[in-house]
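Open the model in a viewer with the sequence panel showing. The stops below go from the whole chain to single helices and side chains.

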Amino acid sequence: MAQREFPMRRMLIDDHPATVTPIECHRCGVTARFKHSGMKRKPAEAIEQYFRNHGWRVGSVPRGDVCPDCQTREKPPLAAAAPDDTVVAEPPRTMEREERRIVFAHIDQHYLPDRSGYAAPWTDARIAKDLGVPRAWVTEIRDQMFGPEGSNPDIEQFRADLSAAKAEFKDIRDQAATAAHAHNALDQRLGEALGRLDALGALARRIEKDIGA
């Protein structure tokens, strides 16, 4: 395919003559230009690459030139997923006998002797991750052969600390709101008292003036 030829034009830029190669979007008519150094013509490849670097789509002919804004507007919106495209999670496959034995042994290694739950920090989720098996397998065997999952002391302590911190924050916030309300009420009373003092002061000056007369 023949290399496209770009025209050169002389024009004033900042009151100085310059040689430029213009490009015009065939959709919206916006223009851009490539400024040559002196009268020496740059090769067509360099001019085309300049416009491409600035986001233009450069066609083999001027009718193929499209500015960056028009390219953005022509991109179609993402289609919404059809209602029947809902992904349904498949249930885990049935355990083989050897897999059941391995899961049982791993639970037995970390389950407390009093059958109250796992030793910290173990849980169904951690055992499943450690073995690389579905959590449902671990839960099934633990329910059938051991007992409740129990609780993780570290997690329970974190939850207790978090709950206490939230309660303390709420108490401080409520106290601050009460103090702000009381401050506003005192400020209002102070303003009213100053008003009464001003009125009494004016009355006192008038009485003194009447007595002095």
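**Helix α3**

Select α3 first, and within it V103, H106, I107 and H110, which are its buried residues. Look down the helix axis: these buried residues fall within an arc of 100°, so they line one face of α3. Now turn to the other side of α3, where R97 and Q109 are exposed. The elements that cover the buried residues of α3 include α4 (124–131) and α5 (135–145).

For a check on geometry, take the distance between the end C-alpha atoms of α3 (residues 97–110). At 1.5 Å a residue, its 14 residues should span 20 Å, and the ends are 21 Å apart, which agrees.

**The whole chain**

Zoom out. This is a predicted model. The protein has 213 residues, and 21% of them are buried. Colour by secondary structure to find six helices and three strands. Their order from the N terminus is β-β-β-α-α-α-α-α-α. Of the contacts with a separation of 6 or more, 51% are between residues 24 or more positions apart. With the surface switched on, the protein exposes about 16300 Å², and carbon and sulfur atoms supply 56% of that area.

**H110 and the cis peptide**

Go back to H110, in helix α3. Is H110 buried or exposed? Its relative accessibility is 13%, so H110 counts as buried, the cut-off being under 20%. Show what surrounds this side chain: apart from neighbours within four places in sequence, H110 is in contact with Y118, A119 and W122.

Next select A120 and P121. The peptide bond that joins them is cis, with omega about 5°. Most peptide bonds are trans. P121 is placed in the loop between α3 and α4.

**Helix α5**

Select W137, V138, I141 and R142, which are buried in α5. Which part of the helix do they occupy? Seen down the axis of α5, the buried residues fall within an arc of 120°, so they line one face. Show α3 and α4 as well, since the buried residues of α5 pack against both of these helices.

**Salt bridges**

Eight salt bridges are counted in the model. Start with R4 and D65, whose side chains meet at 2.7 Å, N to O. This pair links distant parts of the chain, 61 residues apart: R4 is in the segment before β1 (9–13), and D65 is in the loop between α1 (44–53) and α2 (68–74). Both ends of the bridge are buried. R4 has a relative accessible area of 11%, and D65 has one of 1%.

Move to R52 and E48, where the side chains form a salt bridge at 2.6 Å, N to O. Here both partners belong to helix α1, four residues apart, or about one turn of the helix. R52 is partly exposed, with a relative accessible area of 37%, whereas E48 counts as buried at 18%.

Then select E99 and R93. Their closest N and O atoms are 2.5 Å apart, in another salt bridge. E99 counts as partly exposed at 21% relative accessibility, and R93 is partly exposed with a relative accessible area of 49%. Elsewhere, salt bridges with shared partners join D124, R142 and D143 into one network. R142 has already appeared on this tour, among the buried residues of α5.

**The patch on the surface**

End at L190, L194, L197, L200, L203, I207 and I211, shown as surface. These residues make a nonpolar surface patch of about 690 Å². Pick L197 as one of them: L197 is found in helix α6 (residues 153–212). Is L197 buried or exposed? Its relative accessible area is 54%, so L197 is exposed, the cut-off being over 50%.

Definitions and conventions. Residues numbered from 1 in each chain as written. Predicted model: local features only at pLDDT ≥ 70, side-chain atom pairs only at ≥ 80, totals over all residues. Heavy atoms only, no water. Patch = residues over 30% accessible without salt bridge, like charges linked within 9 Å, V, L, I, M, F, W, Y side chains within 5 Å. Areas by Shrake-Rupley, 256 points an atom, 1.4 Å probe, with all protein chains shown as cover. Salt bridge = Lys/Arg side-chain N within 4 Å of Asp/Glu carboxyl O. Helix = DSSP H or I, 4+ residues; strand = E, 2+ residues; numbered from the N terminus. Buried < 20%, exposed > 50% of the residue type's maximum accessible area, 1.4 Å probe, protein only. Expected span 1.5 Å × (residues − 1). Arc of directions from axis to C-beta. Contact = heavy atoms within 4.5 Å.
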